[in-house]
Amino acid sequence: MHSYPYTITISSEKGGVGKTTLATNLAIYLKAMRENLPVTIFSFDNHFTIDKMFELKKRDEDSPDVHALLMGAKAGEVVQTGQYGVGFIRSSTELGDIHERFKGPMTLTRMLAESGISGIVIIDTRPDLNILTQNALYAADRVLIPVKDLPSLENCKNIFALFDQRGIDKKSLALLPCLIDSRIKFEGIFKDQKTLLRAIAVNRGYRCLDSYISKSPKVESLNTNPEGKIYPILTHARGTEVHGQFMDITRDILRSVDTTKETRACLYHTWLLEKEANKKESYLARLEGLAERCLICGTVLAEHPDDRSFYFETSDRSSRGFLHGNCVSSMLCSALYGLQENDPTFVAARALVADKVTRSVSLLLPRIDSEICRLDYRQFSMAGEQLLQKNVEMPGFDAGELNTVHDRLYLLLNEALAGFEGSLRKESWLSVYPVDPGNPEAVLHEESYKSIHRLQKHFAEAIVPI
Ligand SMILES: Nc1ncnc2c1ncn2[C@@H]1O[C@H](COP(=O)(O)OP(=O)(O)O)[C@@H](O)[C@H]1O
Ligand SMILES: [Mg+2]
Ligand SMILES: [Zn+2]
């Protein structure tokens, strides 16, 4: 079975609020408290704290990093097993050019969903809301926003606004008071920093965790030592209040992990797969309605599948199918130039017509009433711009006669547009699109069919009824 990660993003537009300390230590506490749960961490920042903390051996410049992940490398190739059993992806200083690729907000969610990473993924972000941070926010089952003071609380509103703009449920977002100095006391009901921050947060409609993290000189000292290492709180600051607070937060997170049936990555992936399946279904449905024969020569196409060079569709979509290249160009050669097959110039003229018609869309619009009986023939560029318009008289057509010059045209119009009692369906028309004879069905795939659909709509609007 495919596995999906539960994703936790640590984010704040403010630097120095304790994001990286929270992200890295949370990874270690999660792993320590749930040994068999895979935990993977990476950062979009370029300070290499994660590398310094989790690297088992000296930095290997060639091993893949976050940049490789974002360029589409498989998770299995980029996640390394690190210290304390935590998986990590090496940081990168080269994420500047990635922003171009990350135009969509859900790219990272898709990457994580397809990565096969299981357990928990923790993403440490830069102090900004660039497209990478946004991707990390939308991918998260939990967003922890450290706030240490009023300015950092002030800044949260941008994260909440992002979710509002995109209409995304904000239930994943929660503030966490960090770097709380317990020596600071106030008079009145807001007796200390964390109570004050929480009160203001709640007042603004932000969810705030019950836990918080105190400011501790011991914790602060963990990244300043002669070895140039960064030590974890779990192993090097066990005696502090912060240790207990991390245990609380970790327990809280494990509870949500246990009660989350479908993670964001899983939900998004399921949605993507459904969308794909729908596309496939519509494609199959489109294939089903196709005419069995080439409506010009009457040959069963399954028996003579070569030279299916055109796709036609009527304005009411009730008749659709493929036509032979030769049939279409012969038909137009006669219709536009009045030439019959035994004319000496026929072959040369047909080659000319074929050249034009394989690079444009033809619109065949019969104009028939008691006074006139003719075909309004038009050619359009693939962009929908009209290139040519020609009126073709159709003697005897309304009387149901065939005509040696126009017999192919009459056949096509009658077959495609026939209504009741020998007359054509009122105000109906058909258009003929060139397709790749090597793979004519490709025209019915979602993307190419969309452009046909657009052109059909455009024609319907451009046509002036008689
Ligand atoms: N609980 C804490 N007590 C004391 N100092 C802390 C604590 N958490 C983080 N720090 C220190 O605060 C500074 C900023 O922390 P950091 O995690 O790098 O924040 P950010 O990632 O938001 O920039 C670092 O020097 C770090 O050692
Ligand atoms: Mg940081
Ligand atoms: Zn044919």
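**Nonpolar cores and the shell around ligand 1**

In the predicted model, the largest nonpolar core comprises 71 residues, of which A27, I41, I122 and I145 touch the most other members. Helix α1 is the greatest contributor to this core, supplying seven residues. Another core lies apart from it and consists of 38 residues, including F322, M331, L332 and M394.

The surroundings of I41 illustrate the packing in the largest core. When residues up to four places away in sequence are left out, I41 is in contact with A23, T24, A27, I50, V86, F88 and I122. Two of these partners, A27 and I122, are themselves listed with I41 among the residues that touch the most other core members.

Helix α1 covers residues 19–33. Of its 15 residues, 13 are buried, and the helix is therefore largely enclosed by the rest of the structure. Its length was also examined: at 1.5 Å a residue, a span of 21 Å is expected for the 15 residues of α1, and the C-alpha atoms at its ends are 21 Å apart, in agreement with that value.

The same helix takes part in the environment of the ligand. Ligand 1 is surrounded by 15 residues, and K19, T20, T21, V219 and E220 are the closest. At least two residues of this shell come from each of α1 and α10, the latter spanning 217–220. The largest share is that of α1, which provides three residues. Classified by side-chain character, the shell contains seven polar, five nonpolar and three charged residues. Helix α1 thus gives the most both to the largest nonpolar core and to the shell around ligand 1.

Terms used: Residues numbered from 1 in each chain as written. Chains lettered and ligands numbered in written order. Predicted model: local features only at pLDDT ≥ 70, side-chain atom pairs only at ≥ 80, totals over all residues. Near = placed C-beta within 6 Å. Helix = DSSP H or I, 4+ residues; strand = E, 2+ residues; numbered from the N terminus. Nonpolar A, V, L, I, M, F, W, Y, C, P; charged D, E, K, R; others polar. Expected span 1.5 Å × (residues − 1). Buried ≥ 20, exposed ≤ 12 C-beta atoms within 10 Å, placed from the backbone. Core = buried A, V, L, I, M, F, W, Y, C linked by C-beta atoms within 7 Å. Contact = placed C-beta atoms within 7 Å.
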